[in-house]
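Open the model in your viewer and keep the selection box handy. We'll go stop by stop, with a note on what to pick at each one.

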Amino acid sequence: MTTNDRGSDPKPPAKDPWDLPDVSGLTVGVLGGTGPQGRGLAYRLARAGQKVVIGSRAADRAEAAAAELGLGVEGADNAECARRSDVVIVAVPWDGHAKTLESLREELAGKLVVDCVNPLGFDKKGAYALKPEEGSAAEQAAALLPDSRVTAAFHHLSAVLLQDETIDEIDTDVMVLGEARADTDTVQALASRIPGMRGVFAGRLRNAHQVESLVANLISVNRRYKAHAGLRTTDV
């Protein structure tokens, strides 16, 4: 075969973006799992059949919250939660974000980390976005966790809807950002296990600030319309 012949070989077909991996066997840890957002995510993922461990600074708080949730959810301190999980969602308050991740660098090494923290400030005019020195909460996480695979997702979900047991489906898309397709595909697949949700790839971590800051706009929407607004992307 000549060089020209090899160059004329047809390219393999592009991967179907909706061909996502089976993640049903993964254990998901939720750092900050006793707070509204973390607790809501833990509940929805467990309800969808995922094995979930929620973490807190105090193991007894995590265990009590897990017992209230049921569905096989387990509780542990943050370090044990990270050790026992394949995928770790970071749902801690912004003011404790850096300190928490710094303290768990060893336990999170080699793990797929999903940062859903929104750096926000509040004043008399309402919510507004903060911009961390690294560019975003997700980029701060990547800088603090050099041995982890950091992604960003689950920013725009209403904690009220997530925790409402009478609601069967959450009508929203989840923007997923990251550096490796295998990692973002995994997070998309996790999001899509929750009825009504769909994980959508939204770029690399350098674009996480826009996604995180949009929460300030959603808070304004919710206050004006007395709603729990989410997001849908069109034509995909």
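**Start in the sheet**

Select E1 and E4 to begin: these strands run parallel and are joined by four bridges. Helices (H or I, at least four residues) and strands (E, at least two) are DSSP runs numbered from the N terminus, and two strands count as paired if DSSP finds at least two bridges between them. Before going further, note that this is a predicted model, where local features need pLDDT of at least 70 and side-chain atom pairs count only at pLDDT 80 or more, while totals for chains, interfaces and linings use all residues. Residues are numbered from 1 along each chain as its sequence is written, and side-chain values use heavy atoms, with hydrogens and water left out.

Now pick Val28. It stands opposite Val87 in E4 and opposite Val52 in E2. E1 and E2 pair in the parallel sense over five bridges.

Widen the selection to the whole open sheet: eight strands, in the order E3-E2-E1-E4-E5-E8-E9-E10, with mixed pairing. E3 and E10 (197-201) stand at the edges with a single partner strand each, so one side of each has no neighbour in the sheet. From one strand to the next, the twist averages 30° (axes are lines fitted to C-alpha atoms, for helices over the stretch in contact, and angles run from 0 to 180 degrees between N-to-C directions).

**Along E4**

Show the side chains of E4. Val87 and Ile89 point one way, Val88 and Val90 the other, and all are buried. Buried means under 20% relative accessible area, exposed over 50%, and partly exposed in between (1.4 Å probe, protein chains only). In a regular strand the side chains alternate between the two faces of the sheet.

Step across to E5: E4 and E5 pair in the parallel sense over four bridges, and Val90 stands opposite Asp115 in E5. Then add H7 (residues 137-144), which lies across E5 and E8 (149-152) and runs at about 175° to E8.

Go back to E1 for Thr27, which lies in that strand. Is Thr27 buried or exposed? It is buried, with a relative accessible area of 16%. Leaving aside neighbours within four places in sequence, Thr27 is in contact (heavy atoms within 4.5 Å) with Lys51, Val53, Arg84, Ser85, Asp86 and Val87.

**Into the cores**

Next, select Val52, Ile54, Ile89, Phe154 and Val174. Of the 34 residues in the largest nonpolar core, these touch the most other members. Such a core is a set of buried Ala, Val, Leu, Ile, Met, Phe, Trp, Tyr and Cys residues joined through side-chain atoms within 4.5 Å. Elements giving two or more residues to this core include E1 (27-31), E2 (51-56), E9 (172-178) and H9. The largest share, five residues, comes from H2.

Zoom in on Ile54. Not counting residues up to four places away in sequence, its contacts include Val30, Ala42, Ala62, Ala65, Leu69 and Cys81. A second, separate core of 27 residues includes Leu31, Ala82, Val88 and Leu101.

**Two helices**

Turn to H3. Ala62, Ala65, Ala66 and Leu69 are buried there. Seen down the axis of H3, the buried residues fall within an arc of 100° (taken from the directions from the helix axis to the C-beta atoms), so they line one face of the helix. What covers them includes H2, E2 and E3 (74-77). Flip to the face of H3 turned away from the buried side and you'll find the exposed residues Asp60, Ala67 and Glu68. Just after H3, Gly70 takes a positive phi of about 70°.

Then select H9, residues 181-192. Nine of its 12 residues are buried, so H9 is largely enclosed by the rest of the structure. Among them are Asp183, Thr184, Val187, Gln188 and Leu190.

**Last stops: a hairpin and a loop**

Select E6 (residues 120-123) and E7 (residues 126-129). They run antiparallel, joined by four bridges, and form a hairpin with two residues between them. Asp123 stands opposite Gly126 in E7.

Finish at Gly110, in the loop between H6 (105-108) and E5. Leaving aside neighbours within four places in sequence, Gly110 is in contact with Asp147, Ser148 and Arg149. For a distance check, draw a line from Gly110 to Leu162: they are 52 residues apart in sequence and 29 Å apart in space, C-alpha to C-alpha.
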